[in-house]
Amino acid sequence: MGKLDGKVALITGAARGQGRAHALTMAGEGADIAALDICHNLSYPRYALATSDDLGETVRRVEALGRAALPVEADVRSAADMEAAVTQTIARFGHIDILVCNAGIADMALTWDITEEWWDIMLDVNVKGVWLAIKYTVPHMIARNKGGRILITSSVAGMRGEPGMAHYSASKWAVVGLGKSLAQELSPYSITVNTLHPTAVNTDIIKGMAQASNMKTEELVDFIHAGHALPVKLIEAEDVASAALWLASDDARYVTGHTLKVDAGRMLK
Ligand SMILES: NC(=O)c1ccc[n+]([C@@H]2O[C@H](COP(=O)([O-])OP(=O)(O)OC[C@H]3O[C@@H](n4cnc5c(N)ncnc54)[C@H](O)[C@@H]3O)[C@@H](O)[C@H]2O)c1
């Protein structure tokens, strides 16, 4: 028996990286998956986002685990896209038990060098995108009256300042406020809302940030590593997915409004 048998998870940013790890970990525990991703590049960040092939690979791997997967190409910044994505998921699976707001972007620049366009895109994807996924999913969870789980991927940058990443850090603090407010609104319905705070994870974002700041990936990784208490340079996407699985499962049914660090001890320093 899996920990998520009979459940349906809608996961944003699911074409690669942590989103794919959430999809595979949750499918491995019995959940069916709606895997949402933008599947094209934006004018910002200054690195490539996922492709339709990446999303197809997530779907293929979920199906290989014996679970159903619905690919959804949508931009989390678009209300029309997100409303349609939720409608499509309900039409296919009947319900959504778990929402993982994982899609996000990062980039690096000093605060005064950030352009208005970069600021707006960062906040639109990382904050508005989380809110829109929630806005259209929550009414279905409430109407179904079977509780639910909402997970929001913040970052250690949502608990401390990160030089060179003020817009990213501001966005990751913002979703903590969103999550803690929502947790209170949804407690009467037994819907929990928690934020995840990973340190640097071995995904394409790290390469992308290094590229944007003209650093070698190894240089950036060494800089981050210096902040870790535990002896690890980059954690893996699966390390975040196993924490998310716990929050999504019945084992965490009375955990809400929590800020769960998967940070190799970074916040100890
Ligand atoms: N990798 C890290 O070091 C790290 C650390 C802490 C937090 N995070 C956060 O974890 C989350 C997942 O990132 P990742 O490390 O897997 O990186 P990633 O770049 O591999 O994955 C992010 C995914 O989000 C998708 N996406 C971006 N903009 C989108 C949009 N507008 N609509 C829909 N999908 C969109 C991308 O196509 C990509 O598939 C992000 O929110 C990120 O900020 C990452």
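In this predicted model, helix 1 and helix 2 run roughly parallel to each other, because an angle under 35 degrees counts as roughly parallel and theirs is about 15°. The axes of this pair lie 9 Å apart, and the crossing of helix 1 and helix 2 is right-handed. On the helix 1 side, the meeting residues are R20, A23, L24 and A27, while T58, R61 and V62 take part from helix 2. Sorted by class, the residues of this contact are four nonpolar, one polar and two charged. For orientation along the chain, helix 1 covers residues 17-28 and helix 2 covers residues 52-64.

A second pair of helices can be read in the same manner. Helix 4 and helix 5 pack at an angle of about 20°, again with a spacing of 9 Å between their axes. Helix 4 and helix 5 are therefore roughly parallel to each other, and their crossing is right-handed. Helix 4 brings W118, W119, M122, L123, N126, V127, V130, W131 and I134 to the contact, and helix 5 brings H167, Y168, S171, K172, A174, V175, L178 and L182. The contact of helix 4 with helix 5 has 13 nonpolar, three polar and one charged residues. Helix 4 spans residues 116-144, and helix 5 spans residues 166-186.

Attention now turns to the ligand. Around the ligand there are 30 residues, of which G13, G17, A50, G104 and T203 come nearest. Two of the helices already met, helix 1 and helix 4, each supply at least two residues of this shell, and so does helix 6, residues 204-212. The shell divides by class into 14 nonpolar, 11 polar and five charged residues.

The loop between strand 2 and helix 2 deserves a careful look. Strand 2 is made of residues 32-37, and P45 is found in the loop that lies between this strand and helix 2. The peptide bond joining Y44 and P45 is cis, with an omega of about 10°. C39 is found in the loop between strand 2 and helix 2 as well. Although C39 is not a glycine, its phi is positive, at about 60°. C39 counts as partly exposed because 19 other C-beta atoms lie within 10 Å, where 20 or more would make a residue buried.

A positive phi also appears at A264, a residue other than glycine, with a value near 50°. A264 sits in the segment after strand 7, which covers residues 259-262. With 23 other C-beta atoms within 10 Å, A264 is buried.

Finally, A31 offers a view of how parts of the chain separated in sequence come together. A31 lies in the loop between helix 1 and strand 2, and A31 is buried, with 28 other C-beta atoms within 10 Å. Leaving aside residues up to four places away in sequence, A31 touches L4, K7, V8, A9, M26, R67 and I98. One of these, M26, belongs to the span of helix 1 (17-28). A31 and L10 are 21 residues apart in sequence, and their C-alpha atoms are 10.0 Å apart in space.

Key
Residues are numbered from 1 along each chain as its sequence is written. This is a predicted model: local features need pLDDT of at least 70, side-chain atom pairs count only at pLDDT 80 or more; totals for chains, interfaces and linings use all residues. A residue is near a molecule or strand if its C-beta atom, placed from the backbone, lies within 6 Å of it. Helices (H or I, at least four residues) and strands (E, at least two) are DSSP runs, numbered from the N terminus. Ala, Val, Leu, Ile, Met, Phe, Trp, Tyr, Cys and Pro count as nonpolar, Asp, Glu, Lys and Arg as charged, and the others, Gly among them, as polar. Axes are lines fitted to C-alpha atoms, for helices over the stretch in contact, and angles run from 0 to 180 degrees between N-to-C directions. Angles under 35 degrees count as roughly parallel, over 145 as roughly antiparallel, 65 to 115 as roughly perpendicular and the rest as oblique. A crossing is left-handed if the near helix is turned anticlockwise from the far one by less than a right angle, and right-handed if clockwise. Two residues are in contact if their C-beta atoms, placed from the backbone, lie within 7 Å. A residue is buried if 20 or more other C-beta atoms lie within 10 Å of its own, exposed if 12 or fewer, and partly exposed in between; C-beta atoms are placed from the backbone.
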